Amino acid sequence: MNLKNLRNSALKEILGAKNLEELEKLQIKYLGRKGELTEILRKLKDMAEAQRQKIGKFANQLKWEIEGMVEKKKKELGFLSSVDKEWVDISAPGHKLPKGYLNPRTLVLRKVEEIFQSLGFSVIDSTEMETDYYNFQALNFPKDHPARDMQDTFYLTDEILMRTHTSPNQVRFMEKHNPPLRVIMPGKCFRRDASDATHDSQFYQVEGLMVDKNISVANFKAVIAEFFKRLFGKEVKMRLRPSYFPFTEPSFEPDISCTFCAGSGCKICKDTGWLEMAGAGMVHPFVFKSAGYSPYEWRGFAFGFGLERLVMMKYKINDIRLLNFGDLRFLKQF
Ligand code: FA5
């Protein structure tokens, strides 16, 4: 066949192809291994030099033309090349990832740490497993002392237990550091307490300890009043109610005016208008002796806040168990 005719029929047929299948057949017909144009190209090597140059040039051009035509037609018929398939629209808006939320306990703990740090207190880490010695004996709770009943304990062995409060860190810290000192020691505590709206078997305390030469209850009141004011963002009515702990003398419990009813009496404050926030007192001479300090030389105050109580007051949450359930409908509010 002459090349001009070949060109005419190839282009006409390719342009007229109705689907990809038909087009593929035409591609094979002209450009395949036994295709009409391929045959001509193969025969070039047997031709005389002058003829080979002339026909060769035309035949090669025609090959490119047919190839180009086939590609164009393929697109028209909806063929997607791998480049088309993998095309990415970099200007398209991305997928939004769901945002996480911090538990309100974490938010309040961070705030508590920030306030005490600004008052010159360091934040100290501590362990949740404790020995009977540091949890009780060094704090003036001898074995069989009735005050041990105030803190029903999970024992792991006779001597090892899950700490019932953060106070063991008072002695642990003082053993390693010299006075004067100001520290807070937050952490998780464990008690065999029945779970209700204000109690759980796991909860957090924030222990505080300040030791210097002339510390008095007045220093405690000043520090704690400033703390409440900054945490709640306003002046809070407070009172110190006498209490008992073997490791403080005198001992008291700071109450604040109920944030739910503003002191008029409600279910949360059991109609008293006051909420107990912590245990506190002046460090007992026995504790100073346990730590190797002279009780004649040093004075100090200590306190242990229930962190969840602070969280409940700050955000007006009426059940401590909400903080532990991981319910997103609750957590998303903070
Ligand atoms: C103590 O644990 C003392 N270590 C506090 C202390 C420290 C006194 C330093 C003197 C000097 P108490 O058992 O009262 O005290 O607990 C302190 C606070 O922890 C309570 O006011 C309460 O807010 C919180 N708390 C106690 N038990 C639970 C519980 N089961 N669930 C949630 N919070 C609790």
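In the predicted model, Lys29, Tyr30 and Leu31 of helix α2 are in contact with Glu36, Leu37 and Thr38 of helix α3. The residues of this contact comprise three nonpolar, one polar and two charged. The axes of α2, which spans residues 20-31, and of α3, which spans residues 36-43, come within 3 Å and cross at roughly 20 degrees. Because angles under 35 degrees count as roughly parallel, α2 is described as roughly parallel to α3.

The largest pocket of the model encloses about 1,000 Å³ of space. Its lining is made up of 45 residues, and those that lie nearest the centre of the pocket are Thr198, His199, Glu276, Met277 and Arg309. At least two lining residues are supplied by each of the strands β5 (202-212), β7 (248-257), β8 (274-276), β9 (278-283) and β10 (299-306), and likewise by helix α11 (307-315). By residue class, the lining of the largest pocket divides into 20 nonpolar, 14 polar and eleven charged residues.

Aromatic rings were also examined, with pairs counted where the ring centres lie within 6.5 Å; the count comes to 19 aromatic pairs. Among them is the pair of phenylalanine 220 and phenylalanine 303, whose ring centres are 6.2 Å apart and whose planes form an angle of 50 degrees, an arrangement classed as tilted. This pair links distant parts of the chain, since phenylalanine 220 belongs to helix α9 (residues 217-232) and phenylalanine 303 to strand β10, with the two positions 83 residues apart in the numbering. Strand β10 also supplies at least two residues of the lining of the largest pocket.

Definitions and conventions
Residues numbered from 1 in each chain as written. Predicted model: local features only at pLDDT ≥ 70, side-chain atom pairs only at ≥ 80, totals over all residues. Heavy atoms only, no water. Axes fitted to C-alpha atoms, helices over the stretch in contact; angles between N-to-C directions. Helix = DSSP H or I, 4+ residues; strand = E, 2+ residues; numbered from the N terminus. Parallel < 35°, antiparallel > 145°, perpendicular 65-115°, else oblique. Contact = heavy atoms within 4.5 Å. Nonpolar A, V, L, I, M, F, W, Y, C, P; charged D, E, K, R; others polar. 1 Å grid on protein atoms, 1.4 Å probe; cavity = no way out; pocket = protein on both sides within 12 Å on 5 of 7 lines; lining within 4 Å. Points joined across faces, edges and corners; volume = space filled by probe spheres on them. Phe/Tyr/Trp six-rings, centres within 6.5 Å; stacked < 30°, edge-to-face > 60°.
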